[in-house]
Each structure stands twice: as C-alpha cells, then as structure tokens.
Amino acid sequence: MPLLDAAILIVTSEKGFAEEQGLALQLERETSWANIRDRIAIGHFDVAHMLAPMPIAASLGLTSLAVPMIVPMALGLGGNAVTVSNTLWHALAARGAPNNGDPARVGAALKTHIANRRTKGEAPLTLAIVHPFSGHNYELRYWLAACGIDPENDVALTVVPPPFMPDALAAGRIDGYCVGEPWNTAAIAAGAGRIATTKAAIWRSSPEKVIGMRADWTEQNRETVTRLMAAMYHAAGWCDNVANHAELARLLSQPNYLDLPADLLLPGLSNQISLGSAAPQEVQDFLFFERKAATFPWISHALWFFTQMVHWGQATSSAAALNAVRRTYRPDIYREALGPLGVILPGGSSKVEGALLSETQMSASGGTLRLGPDGFFDGRAFDPDKLAPYLDSLPFGVKTSRPAPNL
C-alpha cells in the first residue's frame, strides 16, 4: 500500500538487500487493504505488507477467504495520525483543543462538541478508518472511549482506502480520519484539514504494520523466509538512519510506489510533523523502523489486538481463539532467522504494554535493548497474562463474550 511504512519492503528491493540474500522481489502496489487480504488468501501474493490485526483476523476465520496466516516480523512502530476537517478543528479549538496534539485535551473538546451537536439534533460526525481489522480502528476507538465518547453510538465510523482519505475530507464526505502517513500531511498540504492527534501520543511505540504470509506457504518456504527476513532487517536499519531519510523520501516518491512529492514524505520520516498551518513540531517516535526492537513480533501486541476485537464485538474469546492468536505471531521464526546474524533479541515474547514511561535498557539475548516509552495516554497498561481484568476495565464496547482463562 502507498504508505511510509512500506519503506522496508521497498528499500529491501531498491537498495540491494534482497539481492545480497539471493532473492528478487516483485513488488505490486494496491489501492485497498481488502484487495491485499483477498489476493494473499488466493495465492496472488506470497508475502504482503499488512495491517497488524489482519493476519490475526484471518487465522480466526473472521475475514473473507480466510486462511491461517503468520506474522514473523513487524515493519516498525507508529506512523498514524488523526486528521479532521478545518470546520471540525475550528469547533474543537473553540472548545479548548490545543495545538500540540494532546489526545486528552483534544478528546475532551471533541466530547463537548459531540454533546452540543446532539442537543441541536445534528447527525453524528463521520470518521473514517482504513479497515475494520486495523490498528487505526482500534486506536481511534481506544482514544474516543478513553475520552468518554462511545465509538458505537456517538460517531459514525466508515471505511475509506488510505489514498482516498484527503479527497473525501476535502469533499465533505467525512469529518475526519485515522490513517498512516503521508495521507495526513497530504491533507494539510492541500488545505483540507488539520492533525488533531497522533498514534505516538495515544500509545507510544505501538504496533502498526507487519509482514503477513500464509501459514502453509511459510512452512513450504522456510529458507526463503529466513533469507527475506535477513534482507528486511538490514533494510530496516537503513531506513532508521537519519542520514538516509532524504534518499528514502526520493525512493518512496517514485510513481510505482507512493507517487507523491518527496517533501510530503519527509515529515513522517523525520518526526517533524506540521499539525496544521504552524511550523512543524517534533513528535517523538512518530515512526521508526528498526530501533527498540521495532521489527520484533511481540505476542503481547497480538493479544492486545485480540482484546480489542472481543471488546468491540468482532470476535468471541475462547481457548481455541487464544491459541490461534498466539500461533499467528511467530517470534520463534524471527529468532531462528536473525539470531545467527548477531541481532540482539528480546529475552521474552510478551511484555506488559504501557509499563515503560521512559526509554529503558533491558537485558536481552546477545546484549541489551533499549525499549520504550510505550505508555498509553490514559495511563492504562495491558498485561497479556490478565486479559479478563483488562477487558472488564475498558469503557463502552460490545460486551457479548468473556475471555477464556489464559493458557
């Protein structure tokens, strides 16, 4: 998909990392996540740039043409923002929303504005996401709910492919959206909207895109998978090097990739984001590719996504479902592929999400890792060993099922 977080795949091909591993990549650009979901299921693609929850949903049988899938590697952390129309932003600013993207204060202003619209009998605001099984859907819902806004009843959520979102906003078809870069910056450059808050502010160092592949294809092609992951890991390090960002923006801007001017791509790569008409401001850890174990497929990330699926009525929790989720994210394959290269590996496969309030040095296999901060803006933490209490603590939701005991 034409997004900044396709960078690792593109660089793997363009900068010779695949060739060094004896591989040739044929990259194909798509216009919607649904197309990618269906084409990998029927075998048009071997490997795909995917929304992190999408392989989980496929393994649970929740998507069309569902087949068991695996995630052996992530494509970095962060990269999204919430953009709103100029009209909506002016209303939020009048109700105290600040210019710094603070999710709590922007959310408080949005709650007041929604209540005011309701008293006037006006229709709910329409907010767009890229796919029902997406980090965008869950982080938007999490933010709204934590601010006292019921995503099921107080707003209308709709699906729009990422490249179409700025035009839909400009045409007045939607009031806002959650999407990955560069489609937030593109709306600002066109004068169509304003970034209200960012994924990095809602949940620091949070998961976004992954490499997904069918489980049967993986088992039949383990050597190819190992070589591909080695190539992609080296490409991730190249992408994270600040000295390469100008060249990376030029690579991504090509017509067969993002097909946008390089100056619209640099803000997301450099963490210097213009939230509106003012000068760019630093959004720490807005998007990063390799550092802080950004490519590691944490099972705790998978389980957090699963709790959101259950909370919002998309899935029913059971022992079988939990096993399927754990079989989808594969840190064992990551370790087998990258351990022999001397990559410093996390000591565990899960962690308490939201527990690190600052960057912290952690013991790891082969050395030390620096992880975090990874806090949620509302101070909540997610313990993957305590799913039931976590679900009980979440506001709103569609509580049609309760989680099975942890296995």
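## A first walk through the model

Let's start with the cysteines: the count of disulfides here comes to 0, where a disulfide is a pair of cysteine sulfur atoms within 2.5 Å. This is a predicted model, in which local features need pLDDT of at least 70, side-chain atom pairs count only at pLDDT 80 or more, and totals for chains, interfaces and linings use all residues. Residues are numbered from 1 along each chain as its sequence is written, and side-chain values use heavy atoms, with hydrogens and water left out.

Why does cysteine 147 have no bond to cysteine 178? The closest cysteine sulfur to that of cysteine 147 is the one in cysteine 178, and at 13 Å it is too far for a bond. Cysteine 147 is also buried, at 12% relative accessibility (buried means under 20% relative accessible area, exposed over 50%, and partly exposed in between, with a 1.4 Å probe and protein chains only). Cysteine 239 is buried too, at 0%.

**Strands**

Helices and strands here are DSSP runs numbered from the N terminus: H or I with at least four residues for helices, E with at least two for strands. Two strands pair if DSSP finds at least two bridges between them.

Take β5, residues 125–129, to begin with. With 4 of its 5 residues buried, β5 is largely enclosed by the rest of the structure. Which strands does β5 pair with? One of them is β6 (residues 155–159), parallel to β5 over 5 bridges, and leucine 125 faces valine 155 there. Another is β7 (residues 176–180), also parallel, through 2 bridges; in this case alanine 128 sits opposite tyrosine 177. Put helix α7 (residues 135–146) between β5 and β6 and you get a right-handed β-α-β unit. Right-handed means that, with the strands pointing away from the viewer, the path from the first strand over the helix to the second runs clockwise.

Strand β1 (residues 47–51) is mostly covered as well, with 4 of its 5 residues buried. It runs antiparallel to β9 (residues 209–214), joined by 5 bridges, and histidine 49 has isoleucine 211 as its bridge partner in β9.

Further along the chain, 3 strands make an open antiparallel sheet in the order β13-β14-β15. The edges belong to β13 (345–346) and β15 (367–371); each has a single partner strand, so one side of each is left without a neighbour in the sheet. Between β13 and β14 (residues 360–365) there are 2 bridges, and proline 346 stands opposite alanine 364.

**Helices**

How many residues of α15 are buried? The answer is 13 of 13. This helix covers residues 299–311 and reaches 18 Å from first C-alpha to last, close to the 18 Å expected at 1.5 Å a residue; the expected span is 1.5 Å times one less than the number of residues. Just after α15 comes glycine 313, with a positive phi of about 80°.

In α13 (residues 245–252), the buried residues are His245, Leu248, Ala249, Leu251 and Leu252. Seen down the helix axis they fall within an arc of 160°, so they line one face of α13; the arc is taken from the directions from the helix axis to the C-beta atoms. Their cover includes α1 (7–14), α12 (222–240) and α14 (262–270).

Then there's threonine 328, in helix α16 (residues 319–328). It is buried, with a relative accessible area of 0%. Leaving aside neighbours within four places in sequence, threonine 328 is in contact with Pro55, Ile56, Ser59, Met69, Ile70 and Val71, where contact means heavy atoms within 4.5 Å.

**Backbone oddities**

Most residues other than glycine have a negative phi, and most peptide bonds are trans. Here are some exceptions to look up in the loops.

| Residue or bond | Backbone value | Loop |
|---|---|---|
| Glutamate 181 to proline 182 | cis, omega about 15° | proline 182: between β7 and α9 (183–189) |
| Glycine 372 to proline 373 | cis, omega near 0° | proline 373: between β15 and α18 (387–393) |
| Serine 205 | positive phi, near 50° | between α10 (199–202) and β9 |
| Lysine 292 | positive phi, about 55° | between β12 (287–288) and α15 |

Are serine 205 and lysine 292 buried or exposed? Serine 205 is buried, with a relative accessible area of 7%, and lysine 292 counts as buried at 12%.
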